[in-house]
Amino acid sequence: MAAARVLLLLSGHPEAATFSRSVCGLLGPRPGLEPRLTHCALKRGRLVLSRRPFPGASAKLPLQRPPFCPFAALDQRPSGPGTQVPSKRGVDLGVAVILQSSDQTVLLTRRTRTLNVSPNLWVPPGGHVELDEELLDGGLRELWEESGLQLPQGQFSWVPLGLWESAYPPRLSWGFPKYHHIVLYLLVVSQESQQQLQARIQPNPNEVSALVWLEPEVAGAVAITEDGTETTRLFPQDLPPSVMAMELQDDGRTGPLALPMSTLLRTTPTTPGDIERVSTGTKFALRLWLQHLGRQGRNGS
């Protein structure tokens with residue numbers, strides 16, 4: 001097995017999280033859909049998680065998985081020769097940047113259709129954390145690789161928002177999972193406005209096909225479309241029919257795109273497909289971002 005990236009502190013000493021088991025399940029899932037507050041050590045190139053405080057823990061973050069998490073479903077099944085889930089792999093570590101402009105909008109990018117994993121999804125910039133890479137450095141590297149944005153030192157602040165257990169394919173009805181990650185969402189708050197940041201964006205055409213900046217009202221509507229629930233959601237009546245996005249053209253330039261609100265509000269289908277939508281983990285991160293904005297507002301008032 002390669003070097004462990006996600007470790008669990010369950011019985012006194014860290015153990016590598018195994019690919020075939022749900023991390024949320026091992027730490028003890030919360031009833032319903034509420035995230036579990038998890039003690040964690042954000043170490044160079046790896047993450048240590050525990051349900052209890054431990055020496056070296058540097059943060060206490062919400063950890064959640066989708067209601068249809070395939071690893072949760074597999075935990076309920078007896079293992080057998082037909083399971084087709086790797087037994088000698090660990091859980092990978094990812095990082096994603098919720099980039100907030102000074103005028104309180106956040107950046108999402110649409111993954112290209114040609115990607116093997118999660119094509120055509122709207123997500124924040126992010127990806128794998130390299131071995132021995134600081135988590136913030138990994139997030140800023142992914143932001144630069146995907147959007148061309150480099151944030152000047154001293155002109156941004158950051159805080160960890162939460163942790164998401166991610167699988168691909170995302171549902172067992174799509175097939176057995178081939179990828180298993182814990183994704184750390186980092187909120188990076190820039191001192192530059194959306195217009196200033198947008199002027200410097202140069203999307204990587206191999207990874208990004210479009211980008212959009214979401215205001216809190218639209219982000220709130222997207223965030224409450226929780227996948228896997230049967231609850232009827234009431235959306236604000238004054239939501240716009242579309243939001244203005246930028247799409248990468250064949251000549252490498254970006255052009256305006258009227259992104260339908262209905263696209264942003266889609267949920268994960270039960271059958272395989274690269275339907276354009278916002279990823280479930282991104283909705284979780286947007287909820288955490290809005291909660292953070294609310295706390296900042298109360299503290300500032």
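1. At 12% relative accessibility, E192 counts as buried, and in this predicted model its side chain meets that of R200 in a salt bridge, with 2.4 Å between N and O. R200, for its part, has a relative accessibility of 29% and therefore counts as partly exposed, since the partly exposed class begins where the buried class, under 20%, ends. Elsewhere, salt bridges that share partners join E133, R141, E142 and E145 into one network.

2. Within that network, the pair E142 and R141 forms a salt bridge whose closest N and O atoms are 3.1 Å apart. Both members of this pair, E142 and R141, are buried. The count of salt bridges by the rule applied here comes to nine.

3. A further salt bridge, between E247 and R110, has its closest N and O atoms 2.8 Å apart. E247 belongs to strand 13 (residues 242-248) and R110 to strand 7 (residues 106-111), so this pair ties together parts that are 137 residues apart in sequence. As for burial, E247 has a relative accessible area of 25% and is partly exposed, whereas R110, with a relative accessible area of 7%, is buried.

4. Turning to open space, the largest pocket holds about 930 Å³ and is lined by 43 residues, of which R111, V117, S118, V123 and S166 lie nearest its centre. The elements that contribute two or more residues to this lining are strand 6 (92-100), strand 8 (121-123), strand 9 (126-128), helix 3 (135-147), strand 10 (156-168), strand 11 (179-190) and helix 7 (280-300). Strand 10 supplies the largest share of the lining, namely five residues.

5. What is the make-up of the lining of the largest pocket by class? The lining consists of 20 nonpolar, 14 polar and nine charged residues. For anyone reading these classes chemically, it should be kept in mind that glycine is counted as polar here.

6. The largest nonpolar core has 35 residues, and those with the most contacts inside it are V23, L49, L99, L151, L163 and I182. A second, separate core of 33 residues includes V212, L214, A245 and L293. For L49, once residues up to four places away in sequence are set aside, the residues touched are V6, L7, L8, L9, V23, L27, T38, H39, C40 and L163.

7. One of the residues touched by L49 is L8, which is found in strand 1 (residues 6-9). With a relative accessibility of 2%, L8 counts as buried. Leaving aside neighbours within four places in sequence, L8 is in contact with H13, P14, E15, A17, V23, L26 and L49. By contrast with these contacts, L8 and S102 are 37 Å apart in space, C-alpha to C-alpha, and 94 residues apart in sequence.

8. Helix 5 (residues 216-223) is mostly covered, since six of its eight residues are buried, a class that requires under 20% relative accessible area. Which residues of helix 5 are buried? They are V218, A219, G220, A221, V222 and A223.

9. Some points of backbone geometry deserve a reviewer's attention. Most residues other than glycine have a negative phi, and most peptide bonds are trans. The peptide bond from Y168 to P169 is cis, with omega near -5 degrees, and P169 is found in the loop between strand 10 and strand 11.

10. Two residues with positive phi may be read side by side. Q104, although not a glycine, has a positive phi of about 60 degrees and lies in the loop between strand 6 and strand 7. N120, likewise not a glycine, has a positive phi of about 70 degrees, and its place is in the loop between strand 7 and strand 8. Are these residues buried or partly exposed? Q104 is partly exposed, with a relative accessible area of 38%, whereas N120 is buried, with a relative accessible area of 3%.

Definitions and conventions
Residues are numbered from 1 along each chain as its sequence is written. This is a predicted model: local features need pLDDT of at least 70, side-chain atom pairs count only at pLDDT 80 or more; totals for chains, interfaces and linings use all residues. Side-chain values use heavy atoms; hydrogens and water are left out. On a 1 Å grid over the protein atoms alone, a cavity is a set of points where a 1.4 Å probe fits but cannot get out, and a pocket is an open set with protein on both sides within 12 Å along at least five of seven lines; lining residues have an atom within 4 Å of a point. Grid points are joined across faces, edges and corners, and a volume is the space filled by probe spheres set on the points. Helices (H or I, at least four residues) and strands (E, at least two) are DSSP runs, numbered from the N terminus. A nonpolar core is a set of buried Ala, Val, Leu, Ile, Met, Phe, Trp, Tyr and Cys residues joined through side-chain atoms within 4.5 Å. Buried means under 20% relative accessible area, exposed over 50%, partly exposed in between (1.4 Å probe, protein chains only). Contact means heavy atoms within 4.5 Å. A salt bridge is a side-chain nitrogen of Lys or Arg within 4 Å of a carboxyl oxygen of Asp or Glu.
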